[in-house]
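Colleague: I have not looked at this one before. Can you walk me through it?

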Amino acid sequence: MVASLAFALPSRPLRSLRMARSVLGVLAFLLSFYSQIPAQLAVSLNGNASFRLRPTNDTLCVHLIRPAGYHCSEHTVQTKDGYLLALQRVSSRAGDINEQRGPPVLLQHGLFMGGDVWFLDSSEQSLGFILADNGFDVWVGNVRGTRWSHGHICLSEKDKDFWDWSWQELALYDLTDMICYINSITNTKIFVVGHSQGTIMSLAAFTQPDIVEMVEAAALLSPISYLEHITAPFVLRMVNMHLDQMILAMGIHQLNFRSDWGVNLMDSICDGHVDCNDLLNTITGKNCCFNNSRVDFYLEYVPHPSSSKNLRHLFQMIRKGTFSKYDYGLFKNLKLYGQPKPPVFDLGHIPKSLPIWMAYGGNDDLADVMDVHHTLKELQSKPELLYLENYGHVDFVLSVNAKKDLFDHMILFFRSWGKSSSF
């Protein structure tokens, strides 16, 4: 693993002509498509207002959940910094929706994903449906900027300030305010499930005492707080090219890989430099149980947009090996944080009393085993662990065998800690 990392990241004096050509190719595409970017951004109500009106037939409930026969309602959460997030509440096909609900569980998706990822397979394979069928009161989170979120109280998606956030804000505002909202509706503690970036958000949020006291237990799939040892070739190529800095320098604040410029940007990176015939594996690691026959269907929903600042924050973590707030540079750090380096999210502040369950994989090139162990060393508690040697990063949400391999174990864990609620 160390050898592959060293091979993927050559020292600066030994950069090849191929690397230079790759950078030039990316810059050419950025320049070519820069003038098209405003057209790719959603036009808001009246040209400048905030709330993105969504037709009643274009919601997550309508697209994926109700057609499967499940009860589903749409909710909107306003964050402390003005973003309007969609939450879906899902319950089983069986029984009366007005009867006593089971314990609430919040599902938090990863980077370039939305709440739809928990429902993209059959009702027997998708975690959102499985939890509902097991009596849970399922809540589905959708962070700012994703397809199902509703914009901002005063910012348009055409405004660069709309995209001025990273996973730091997703943790301290989006996830925090969703937990508070669910707690206010259900009047009980909440189970939290996170995948990938959803685990970064969760771990950061759990360092805040007022938030963690509303959480019954947490299940973290492909847990990430450190990214120092990732081996994903496509990601390492972008990190080594400083693509995050180039994108921000070009004034690109929204990352939308469904747009023309996004598609061509990835093509330019793949062209002769990374084998992208199997692009998913070059990003996530080899997935053992991913349903390739459903890729066209998956692509109707993913990838979702994110912010360029978010990508840069993640790349900072890879380069520096830290789990810290966003690094603005010396002077702005001093102004915002009162210190030259960004403050760390101290995992030791997560109380020992919080039950945590973690599932991680041997083929996961993003949540590397070494980084998972680094996280475990810093926690006060000893989480329950499930190691799946053949699982890659996406298997933890889309494996055809996930119910048996993964989700049944998670549900047993939740049942063992669901003392304040009945099933």
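Modeller: What follows goes from the whole chain to single residues and then to the empty spaces.

Colleague: What kind of model is it?

Modeller: This is a predicted model, where local features need pLDDT of at least 70, side-chain atom pairs count only at pLDDT 80 or more, and totals for chains, interfaces and linings use all residues. Residues are numbered from 1 along each chain as its sequence is written, and side-chain values use heavy atoms, with hydrogens and water left out.

Colleague: How many helices and strands are in the chain?

Modeller: The chain has 18 helices and 10 strands. Both are DSSP runs numbered from the N terminus: helices are H or I with at least four residues, strands are E with at least two.

Colleague: And what percentage of the residues count as buried?

Modeller: Of the 423 residues, 57% are buried. Buried means under 20% relative accessible area, exposed over 50%, and partly exposed in between, with a 1.4 Å probe and protein chains only.

Colleague: Pick a residue. Is A132 buried or exposed?

Modeller: A132 counts as buried because its relative accessibility is 2%. A132 is found in helix α5, residues 127-133.

Colleague: What does A132 touch?

Modeller: Leaving out residues up to four places away in sequence, A132 touches Y70, V90, S91, S92 and V138. A contact here means heavy atoms within 4.5 Å.

Colleague: Switching topic: where does F331 lie?

Modeller: F331 lies in helix α15, residues 330-337. F331 is exposed because its relative accessible area is 69%.

Colleague: OK, empty space. How many cavities of 30 Å³ or more are there?

Modeller: The structure holds 2 cavities of 30 Å³ or more, and about 40 Å³ of space lies in the largest cavity. On a 1 Å grid over the protein atoms alone, a cavity is a set of points where a 1.4 Å probe fits but cannot get out; a pocket is an open set with protein on both sides within 12 Å along at least five of seven lines, and lining residues have an atom within 4 Å of a point. Grid points are joined across faces, edges and corners, and a volume is the space filled by probe spheres set on the points.

Colleague: What is the volume of the largest pocket?

Modeller: The largest pocket has a volume of about 1,200 Å³. Its lining has 43 residues, of which F112, L280, I283, T284 and V394 lie nearest its centre.

Colleague: Which helix gives the largest share of that lining?

Modeller: That is α12, with 5 residues.
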